[in-house]
Structures are given as structure tokens and as C-alpha cells.
Amino acid sequence: MKQYVVDAFTDQVFRGNPAAICILEQWLPEDLMQNITLENNLSETAFAVPEGEGYRLRWFTPGGEIDLCGHATLACAYVLLQFYHPTGQAVSFETLSGRLTVNRRGELYEMDFPAYHLDRVPVTQQMREAIGVEPLEAYMGRDLLCVLENPQQVLSLAPDLEKVRALDGLLLHVTSPGIEVDCVSRTFAPKCGVVEDPVCGSGHCHIVPYWCGRLQRDQLVAYQASKRGGTLYCQLFGDRVKLAGKAALYSVAELQL
């Protein structure tokens, strides 16, 4: 069984967010998919099986299956359009978050995702202690989104991950205005067995609605300020978010299963 590792939201290997991609003819047992994910030790491993005119796509973290993952969707679309459907310009996936479509636009792979509805929540002492700085605002969707004052706070953040684990929400996103880009962010996911997600697509389904509302714009360039870093070209339209980025192939392997 072939497995591809793709760095998403970058055009260089060792940057962006790596995801392992397995294209299957039929589903493997769930415990085997989880074990493959644990062996890979990446934030996500994605499995896709042909279904109808597209594919059924599932995402696994070391902590278990999740309902939405942007960078692994982009990576999977890259693999399919590079190696399985090289003349194609789009691929659609049925997922736990409904149908997701990825379009190839030159070097960019553009994903159409649902935007999370954000409810403003009080900034608590628990948040302050977990993050290590005072958020200006906090919002809850699937994940917790905390807004900081400036990019330096985001870059220098060293959260207490055990305290982050105790916060509400699946993931923690911290964001601030950018300087050369519209916004910067970082994502922490100890509940999923991931210390820091290098570039989080589903996180930007929270981040983009917030910044589009605040800046009164429907298009943004976002930068995830992890050690690896990654750039996302974003657009909000109604209750959907378009996230576009590049991808770089790191490896192709044959799993001995």
C-alpha cells in the first residue's frame, strides 16, 4: 500500500504542515488506520477510498479521528491530482463535515470548507494561565480562538499544554493582526496528541470569519507562525471559507502491511 507524505501550505519541503496520505481501494479496519497514524507520528494521516464520482475522506490524529482537517485535505487533493487524475482540475470528498471540493488553480489548491459560527465567551483566568498572556477577546466554535494584541505575542507564546488541555474546545488557536500579512496565528492541540499544529486549515475556518468581520473584508492572506510556517490565501463567502495554498511532495513509501 502506497503512502505519500506532503507538506501543505508551502512550496518547499520541511515547511508548511506535513500530512501522510493513503489512497485505498477499500477501508482498512479502524484500529489499523489509527496504528498507521500513530506510527507516522504526524498531526494527521488521511485515508481516502473512491466513492461515486469522488472519494470518501477520513482524517486521523494520534488522538483519534476528527471531523475536519484542512492541510490533510489539501495534501490528499494534491496526491490525487498529481498521481491518480493528472488531467483533472478538481476533486470532491465526502467527509464528516459534508462534501468538500478542492480545485487546482495553477500552483494553488483551493478548498471550500464550512465556516464555524463563533460565539464570544468571557476571557477567564484559566485561559490566562494556560496561554501565559492576557487575550483581548475569546470566541468558541468547535475550537477556542483567543485574540492577542500583536504578532510578537503570538510568536513568543509558550503555553502550558496541560492547562490548554483543560480549556473548552478541541483545539486552541491564538491570533493577532499581521504586519506583512493580514493576520498571524498558532494552533495547539494537546487533546489530539499534537503539541503544535504547524499550519491548521480547520483552524482558519475560525480565524478567517473573525478577521473578515473585524477588518470588514472578504479576502485575507494569513500566516501560521509555527516553526515550520505556512501561508494561506483565504476568502469568506456566506457560511463557507475558501482556503488556498501550495503543496510539496516529501516522500512516497510502500507500507508493508
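Start by selecting Glu65 and Arg58: their side chains meet in a salt bridge, 2.8 Å from N to O. The term salt bridge here means a side-chain nitrogen of Lys or Arg within 4 Å of a carboxyl oxygen of Asp or Glu. Color the pair by accessibility and Glu65 comes out partly exposed at 31% relative accessibility, while Arg58 is buried at 18%. The cut-offs are under 20% relative accessible area for buried, over 50% for exposed, and partly exposed in between, using a 1.4 Å probe and protein chains only.

Before you click on, keep in mind that this is a predicted model, where local features need pLDDT of at least 70, side-chain atom pairs count only at pLDDT 80 or more, and totals for chains, interfaces and linings use all residues. Residues are numbered from 1 along each chain as its sequence is written, and side-chain values use heavy atoms, with hydrogens and water left out.

**More salt bridges**

By the salt-bridge rule, the count comes to 18. Pick Arg120 and Glu137 next: their closest N and O atoms are 3.2 Å apart. This pair links distant parts of the chain, with Arg120 in strand E9 (residues 119-121) and Glu137 in strand E10 (residues 137-140), 17 residues apart. Helices (H or I, at least four residues) and strands (E, at least two) are DSSP runs, numbered from the N terminus. Is Arg120 buried or exposed? Arg120 is exposed, at 58% relative accessibility, whereas Glu137 is buried at 16%.

Now jump to Asp143 and Arg142, whose side chains meet in a salt bridge of 2.8 Å, N to O. Asp143 is buried at 0% relative accessibility, and Arg142 is buried too, at 15%. Then select Asp11, Glu107 and Lys246 together: salt bridges link these three in a network.

**Helix H1**

Show residues 30-40 as a cartoon, which is helix H1, and add sticks for Met33, Gln34, Ile36 and Thr37, the buried ones. Turn the view until you look down the axis of H1: the buried residues fall within an arc of 155 degrees, so they line one face of the helix. That arc is taken from the directions from the helix axis to the C-beta atoms. Flip to the other side of H1 and you find Asp31 and Glu39, both exposed.

What covers the buried residues of H1? The cover includes strand E1 (2-8), strand E3 (45-51), strand E4 (54-61) and strand E5 (64-66). Contact means heavy atoms within 4.5 Å. Step just past H1 to Asn41 and check its backbone: phi is positive there, about 60 degrees.

**Gly70**

Select Gly70, which lies in helix H2 (residues 70-84). Gly70 is buried, with a relative accessible area of 0%. Which residues does Gly70 touch, not counting residues up to four places away in sequence? Show Phe9, Met111, Phe113, Gly201 and Ser202, and you have them. For another distance to try, draw a line from Gly70 to Leu243: the two are 173 residues apart in sequence and 8.2 Å apart in space, C-alpha to C-alpha.

**Last stop: a surface patch**

Switch to a surface view and pick Val13, Phe14 and Tyr250, which make a nonpolar patch of about 320 Å². Patches are made of residues with over 30% relative accessible area and no salt bridge; like charges are joined within 9 Å, and nonpolar side chains (Val, Leu, Ile, Met, Phe, Trp, Tyr) within 5 Å. Tyr250 sits in strand E18 (residues 247-254) and is partly exposed, at 48% relative accessibility.

Definitions and conventions: Accessible areas come from the Shrake-Rupley method with a 1.4 Å probe; for residues, only the protein chains shown count as cover.
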